[in-house]
Amino acid sequence: LVELDVKILYTVGGDGTQKGALSLVKEIEKRGLKISVIGIPKTIDNDIYFIDRSFGFETAFSAATEAIYSAHVEAEGSENGMRIVKVMGRESGFIAANATIASNLVNFCLIPELDFDLEGENGLLKHLERRLQKRKHAVIVIAEGAGQKYVLDPDKMEYDASGNIKLGDIGVFIKEKIKEYFKKRNIPVSIKYIDPSYMIRSKPPTPNDSTFSIQLAQMAVHAGMSGRTAMIVGYYNGHFVHIPMELATIKRKKVDLASQLWLSVLESTGQPACM
């Protein structure tokens, strides 16, 4: 930055990017340099603390609803048809929750914030069996970080280059458990697993997301040109705001299971509040 004579650095990204930006801020302050660092929240997981919405999020869950619609049509087309759709969301289930509400076609939504059992009278498998008895088809949406207690060995954790734990594939695990469960009961089922993965974040942005990203960019430029630093531009409680980087990076935002968002998921799916 010094060699290139950069006076304002804009960091566009999620939690990891902004933590890296905060490290730069501290080094800039240590050296007494006049360089401004402004963060712009870009993460489809929508998990930046104290920010209601990051750009790319709406596009991502809109794309996820397309996969859910296809899964629903496929599930309805066969007796005891079940379709599992896995979406992104390592620690926060905002994509899964919002896509569930938007599609209104999901019967079970599983997210990292929600602990659930597979076995027992109140377990997922039993509830799934009851659903098939009533309607002969079911759609399950699961965030990639959900149910990791089933697929991760705490003594054999592996990490990627960014320091994130390498997650187990909960979607494949759930699919196999469902197959085993219904095979033991001699109930014929048709199970398919859909993993749109990175496709949901490589879509062209929705017009609303395009508008939002331009507004964030404008706010970021104004903040940098006015001499501010160590902050993230964001949208909170209906307003564009400046959030201190230290505050925005102390933890990740998660779905509140007592919120209106999650209540809407429960109303839409009909699933129990706890399993």
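This is a chat about a predicted model of a protein.

Student: Okay, what's the overall make-up here, how many helices and strands?
Tutor: There are eight helices and eight strands in this predicted model.

Student: And how far does the C-alpha trace span?
Tutor: Along the principal axes, the C-alpha trace covers about 70 × 45 × 30 Å.

Student: What share of the residues counts as buried?
Tutor: Of the 275 residues, 46% are buried. As for the surface, the protein exposes about 14,000 Å², and carbon and sulfur atoms supply 52% of that.

Student: Which contacts join residues at least 24 apart, as a percentage?
Tutor: Taking contacts between residues at least 6 apart in sequence, 72% join residues at least 24 apart.

Student: What about charges, how far apart are the mean positions of the positive and negative ones?
Tutor: They are 2 Å apart, for 34 positive and 33 negative charges.

Student: Let's do strands. Which way do the side chains of β1 point?
Tutor: They alternate along residues 8-13. L9, T11 and G13 point to one face and are buried, while I8, Y10 and V12 point to the other face and are not buried.

Student: What does β1 pair with?
Tutor: With β2, residues 36-41, in parallel through six bridges. One spot to click on is G13, which stands opposite P41 of β2.

Student: Now β5. Is that strand covered on one face or both?
Tutor: Both faces are covered. On one side you have H137, V139, V141 and A143, on the other A138, I140 and I142, and all of these are buried. Put as a count, seven of the seven residues in β5 are buried.

Student: Which strands are joined to β5?
Tutor: β3 is joined to β5 by seven bridges, running parallel. β4 also runs parallel to β5, with three bridges.

Student: Where would I look to see those pairings?
Tutor: For β3, find M82, which stands opposite A138 in β5. For β4, find L110, which faces I142 in β5.

Student: How do β7 and β8 pair, parallel or antiparallel?
Tutor: Antiparallel, over six bridges, with β7 at residues 231-236 and β8 at residues 239-244. The two form a hairpin with two residues between them. Y236 has H239 in β8 as its bridge partner.

Student: What's the phi of N237 in that turn?
Tutor: N237 has a positive phi of about 55°. Most residues other than glycine have a negative phi.

Student: Which others have a positive phi without being glycine?
Tutor: N80 is one of them, with phi near 55°. K136 is another, with a positive phi of about 70°.

Student: Where do those two sit?
Tutor: N80 is in the loop between α2 and β3, and K136 is in the loop between α4 and β5.

Student: Is N80 buried or exposed?
Tutor: Buried, because its relative accessibility is 7%, under the 20% cut-off. K136 is partly exposed at 39%.

Student: Switching topic: where is T249, and what does it touch?
Tutor: T249 is in the loop between α7 and α8. Setting aside residues up to four places away in sequence, T249 touches D15, Q18, K19 and L22. T249 counts as buried, with 9% relative accessibility.

Student: Which backbone oxygen lies 2.7 Å from a polar atom of the T249 side chain?
Tutor: That's the backbone oxygen of M245.

Student: And E58, what's around that one?
Tutor: E58 is in helix α2, residues 57-76. Leaving out residues up to four places away in sequence, E58 touches R53, T206, N208 and D209.

Student: Why does E58 count as buried?
Tutor: Because its relative accessibility is 18%, and the cut-off for buried is under 20%.

Student: Last one, D115. Buried or exposed?
Tutor: Exposed, at 53% relative accessibility. D115 lies in the loop between β4 and α4.

Student: What is D115 in contact with?
Tutor: Apart from neighbours within four places in sequence, D115 is in contact with K149 and M275. The side chains of D115 and K149 are joined by a polar contact of 2.8 Å.

Student: How far is the C-alpha of D115 from that of C274?
Tutor: They are separated by 7.8 Å, with the two residues 159 apart along the chain.

How values were computed
Residues are numbered from 1 along each chain as its sequence is written. This is a predicted model: local features need pLDDT of at least 70, side-chain atom pairs count only at pLDDT 80 or more; totals for chains, interfaces and linings use all residues. Side-chain values use heavy atoms; hydrogens and water are left out. Helices (H or I, at least four residues) and strands (E, at least two) are DSSP runs, numbered from the N terminus. Buried means under 20% relative accessible area, exposed over 50%, partly exposed in between (1.4 Å probe, protein chains only). Contact means heavy atoms within 4.5 Å. Accessible areas come from the Shrake-Rupley method with a 1.4 Å probe; for residues, only the protein chains shown count as cover. Lys and Arg count as positive and Asp and Glu as negative; His and the chain ends are not counted. The place of a charge is taken as NZ of Lys, CZ of Arg, CG of Asp or CD of Glu. A polar contact is a pair of N or O atoms within 3.5 Å; within protein, one must be able to donate a hydrogen and the other to accept it, and residues adjacent in sequence count only if both atoms are side-chain atoms. Two strands pair if DSSP finds at least two bridges between them.
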